[in-house]
Amino acid sequence: MPVQYVIEEWDFRELTLKMRPPVFIPRPETEELVGLVMEELRTRGPAQDSPASLRFLEVGCGSGAVSLSLLHHCPQCHAVAVDRSSEALDLTRENAERLGVLERLQIVQLDVLLDADSVLCQCGSVDFIVSNPPYVFAEDLPLLEPEILWYEDQRSLDGGEGGMDVIKQILCIGTRALKKNGKIFLEVDPRHPLMIQEWLRSQSDHGLEYRETHRDFTGRSRFCVLQKTAPEC
Amino acid sequence: MGTFKTVGENKQAKMKNCICFIGSQLSKQRFLLAMAGAAHGSRQCALTHRYYQQWNWRRTPRGPAGLYTQQLTRRHCQHFSKELLQQESVQRYLEKMIEEYRQVTQRLNNTALTESERRTMSRRQIELSPMATVFQQSQRAVKDLKDVQAIIESAEAGEDTQMLELAKEEQKGIRKLIEALQIKLLQSLVPSDKHDASDVIVEVAAGRTTGGDICQQFTREIFEMYQNFASYKQWAFEVLNYTPAEYGGLHHAAARIAGESVYRHFKYEGGMHRVQRIPEVGLSSRMQRIHTGTMMVIVLPQPDEVDVIIEPKDLRIDTFRSKGAGGQSVNTTDSAVRLVHIPTGITVECQQERSQLQNRETAMRMLRARIYQQLIEKETEQRQSARKLQVGTRSQSERIRTYNFTQDRVTDHRISYVTRDIKEFLSGGELLEELISELLKSAETEALLELVENSRD
């Protein structure tokens with residue numbers, strides 16, 4: 001059994017979070033995803049005229065690591081955390097309470113693959129979207145360490161054929177839910193940056209522009225940043 | 001001297017208004033005394049002269065500053081005292097500084113200065129003003145002392161016991177004040193290390209032995225001593241790295257200590273510490289013989305982010321790296337991080353935290369401190385100095401302190417300071433603080449003398 005489940009907790013950046021099977025255990029790469037968003041908030045912050053609070057959406061929150069880190073770091077932010085698993089949302093709620101950020105967090109249970117419209121109703125318009133979506137290629141799933149498959153929720157790993165199912169859906173949501181110039185931050189498989197750009201070229205009217213690819217500490221292309229450039233659809 | 005006649009004439013008035021009144025009456029006398037420079041009576045002038053003569057005679061012609069210090073510290077007390085202030089070279093240096101202050105103040109009052117000139121002048125003025133203030137205060141106090149002495153002498157002559165008592169008390173008070181001011185004055189002359197106020201990273205590492213683990217046991221005790229000292233001084237002590245050895249010893253460890261003027265206190269702890277004991281615990285305790293071991297302490301001031309700039313491309317980060325795509329497909333608890341700074345080759349490891357990012361941040365902090373330390377060492381190497389207490393230039397193999405358990409003695413070799421009660425010393429309380437303050441005093445004296453020496457050329 002993964003150590004994190006045995007001791008029922010693990011650290012994520014400067015936070016200690018409760019862990020419980022089968023909710024997905026945060027990976028070290030995701031710590032860098034949060035760092036990217038924080039960097040964006042930092043450079044963006046002083047330029048803003050209105051100190052109005054920022055709202056963001058997290059798709060697939062799992063234990064809540066990403067949302068809670070951001071809420072902890074930025075006291076003015078509000079978040080909407082979405083996941084299809086009720087166990088994940090319970091754990092997120094628990095961790096949020098422990099960290100004292102529950103008032104700024106809205107927890108919604110739904111499956112973005114099935115119910116994208118509800119997402120838009122629930123969260124309204126947001127300043128940015130952040131996600132560590134299931135991105136393992138379906139064909140690669142059997143090759144994972146057995147421990148992962150036995151204990152962690154497979155739905156939090158399976159991205160379908162090509163690993164792009166949830167990613168594509170997030171981009172569609174982004175088209176409609178993001179404010180102008182809002183950004184999308186994704187953690188993906190190293191093969192995805194190119195695949196995403198290709199897919200965007202094949203689609204029209206999405207109003208999104210691919211901005212950057214960032215590497216993780218092992219040197220693999222891990223993070224994609226996109227921005228909404230077209231006006232509200 | 002003419003003074004006494006004047007005093008005798010105004011005796012009645014003096015009884016009411018002690019010093020102040022005398023002050024106004026003797027202003028002319030005071031002025032003359034001030035011009036004399038040393039502001040001492042004839043008796044004391046002779047004393048100075050004798051000191052100076054003896055010192056002159058002993059001193060080697062143009063020897064390096066180190067020899068100077070040896071003779072001086074051997075003969076006299078190792079701390080700031082009247083003797084130090086009365087040395088001609090120190091006096092001259094002091095006068096030079098006062099003169100410079102006067103000039104700078106005068107020029108600043110003139111309007112015709114360029115912007116940059118004004119800036120440098122005002123900076124210099126700010127640097128010199130504490131010293132100038134204390135100097136003025138001490139001049140005033142010396143004047144007051146002269147006045148009181150005059151009163152005493154006149155009271156003795158006139159057999160006025162009441163006046164005599166009052167005056168004698170006044171004299172005692174002023175003398176104490178003068179001593180305190182003189183120490184302050186000397187301290188204000190000594191240039192302070194720009195890192196004195198910084199936090200530090202302290203690293204300890206056990207030395208190598210041919211057998212047994214006396215070094216490792218000793219390293220653990222020293223690390224604990226510093227931990228206790230930090231809490232004694234109410235500083236924050238954060239362990240960055242702790243690598244134990246077998247059988248309860250400590251192989252190497254690092255800690256960050258944050259608080260007020262931490263570096264100032266810790267800078268003389270760096271170096272090789274030697275231990276001599278008959279071990280009671282651990283591997284070496286089987287044979288009841290005296291063992292000798294060593295351990296290294298390295299003290300690094302924590303630089304600000306701006307002081308050390310590290311380019312990401314100069315860094316190689318080694319972490320647990322999986323085969324394949326990594327990311328979601330791997331779950332690991334191995335969060336150890338090793339940073340290698342390629343241009344200098346400095347390597348730092350950290351695995352204290354469970355979060356890899358935290359380990360990376362800690363490792364970056366340590367790396368920054370090490371790189372900074374290298375920079376400083378390069379700087380100090382270039383400055384030629386024979387000071388014994390120069391931070392960081394001591395060769396690696398020279399031991400700075402010996403802890404002898406069999407004779408219950410701690411000896412610091414740089415100032416030949418010996419203290420008893422090792423157990424109390426290792427508890428990181430008063431005894432350690434005493435030693436550190438002795439080291440600081442010695443270092444300040446050396447620094448001052450060197451400064452004075454260099455300025456006369």
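Buried area is the accessible area that two parts lose on being put together, summed over both. Keep that in mind for the first stop on this tour of a predicted model.

**Stop 1: where the chains meet**

Show chain A and chain B in two colours and look at the contact between them. About 2200 Å² is buried between chain A and chain B, and carbon and sulfur atoms give 47% of that area. Chain A puts 33 residues into the contact, and chain B puts in 22 residues. Now select A:W10, A:F217 and A:R220: in chain A these lose the most area to chain B, together 28% of what that side buries.

**Stop 2: the second largest cavity**

Stay with A:W10 and add A:P26, A:R27, A:P28 and B:R354 to the selection. Of the 15 residues lining the second largest cavity, these lie nearest its centre. The space inside comes to about 110 Å³. Which elements of chain A give two or more residues to this lining? They are β1 (9–12) and α2 (28–44), with β1(A) giving the largest share, three residues. By class, the lining has four nonpolar, six polar and five charged residues.

**Stop 3: two backbone oddities**

While you are in this part of the chain A sequence, switch to sticks and pick A:R13, in the loop between β1 and β2 of chain A. A:R13 isn't a glycine, yet its phi is positive, about 50°. Next, step along to A:P21 and A:P22: the peptide bond from one to the other is cis, with omega near -5°. A:P22 lies in the loop between β2 (15–18) and α2 of chain A.

**Stop 4: the chain A sheet**

Go back to cartoon and find the open sheet of seven strands in chain A. Reading across, the order is β5-β4-β3-β6-β7-β9-β8, with mixed pairing. β5 (105–109) and β8 (208–215) of chain A sit at the edges with a single partner strand each, so one side of each has no neighbour in the sheet. From one strand to the next, the twist averages 20°.

For a look at the pairing, select β6 (residues 126–131) and β7 (residues 178–187) of chain A: the two run parallel and are joined by five bridges. A:F128 stands opposite A:K183 in β7(A). Then bring in the helices. α5 (residues 116–123) of chain A packs on the sheet, touching β3, β4, β5 and β6 of chain A, and its direction makes about 150° with that of β3(A). α8 (residues 192–202) of chain A also packs on the sheet, against β7, β8 and β9 (221–228) of chain A, at about 175° to the direction of β8(A).

**Stop 5: the largest cavity**

Turn on cavity display. There are seven cavities of 30 Å³ or more, and the largest has a volume of about 430 Å³. To land in the right place, centre on A:G60, A:C61, A:G62, A:D83 and A:S156, the closest to its centre of the 30 residues that line it. β3 (55–59), α3 (65–73) and β4 (78–83) of chain A each supply at least two residues of this lining. How does the lining divide by class? The residues are 16 nonpolar, seven polar and seven charged.

**Stop 6: the chain B sheet**

Hide chain A. Chain B has an open sheet of eight strands in the order β2-β3-β1-β5-β4-β9-β10-β11, again with mixed pairing. Its edge strands are β2 (236–244) and β11 (417–420) of chain B. Neighbouring strands are turned by 15° against each other on average, direction ignored.

Start at the β2 edge, where β2(B) and β3 (residues 250–258) of chain B run antiparallel, joined by eight bridges. Here B:F237 stands opposite B:I257 in β3(B). Helix α10 (residues 214–232) of chain B packs on the sheet, and β1, β2 and β3 of chain B are among the strands it touches. At the other end, α14 (residues 430–455) of chain B packs against β9, β10 (409–412) and β11 of chain B, with its direction at about 170° to that of β11(B).

**Stop 7: back-to-back hairpins**

Finish with B:D412 in β10(B), which stands opposite B:R401 and has B:Y417 in β11(B) as a bridge partner. The hairpin of β9(B) and β10(B) has four residues between the strands, and B:D408 takes a positive phi near 50°. The hairpin of β10(B) and β11(B) also has four residues between them, with B:S416 in the turn at a positive phi of about 55°.

How values were computed. Residues are numbered from 1 along each chain as its sequence is written. Chains are lettered from A and ligands numbered from 1 in the order in which they are written. This is a predicted model: local features need pLDDT of at least 70, side-chain atom pairs count only at pLDDT 80 or more; totals for chains, interfaces and linings use all residues. Side-chain values use heavy atoms; hydrogens and water are left out. Two strands pair if DSSP finds at least two bridges between them. Axes are lines fitted to C-alpha atoms, for helices over the stretch in contact, and angles run from 0 to 180 degrees between N-to-C directions. Contact means heavy atoms within 4.5 Å. On a 1 Å grid over the protein atoms alone, a cavity is a set of points where a 1.4 Å probe fits but cannot get out, and a pocket is an open set with protein on both sides within 12 Å along at least five of seven lines; lining residues have an atom within 4 Å of a point. Grid points are joined across faces, edges and corners, and a volume is the space filled by probe spheres set on the points. Ala, Val, Leu, Ile, Met, Phe, Trp, Tyr, Cys and Pro count as nonpolar, Asp, Glu, Lys and Arg as charged, and the others, Gly among them, as polar. Buried area is the accessible area (1.4 Å probe) that two parts lose on being put together, summed over both.
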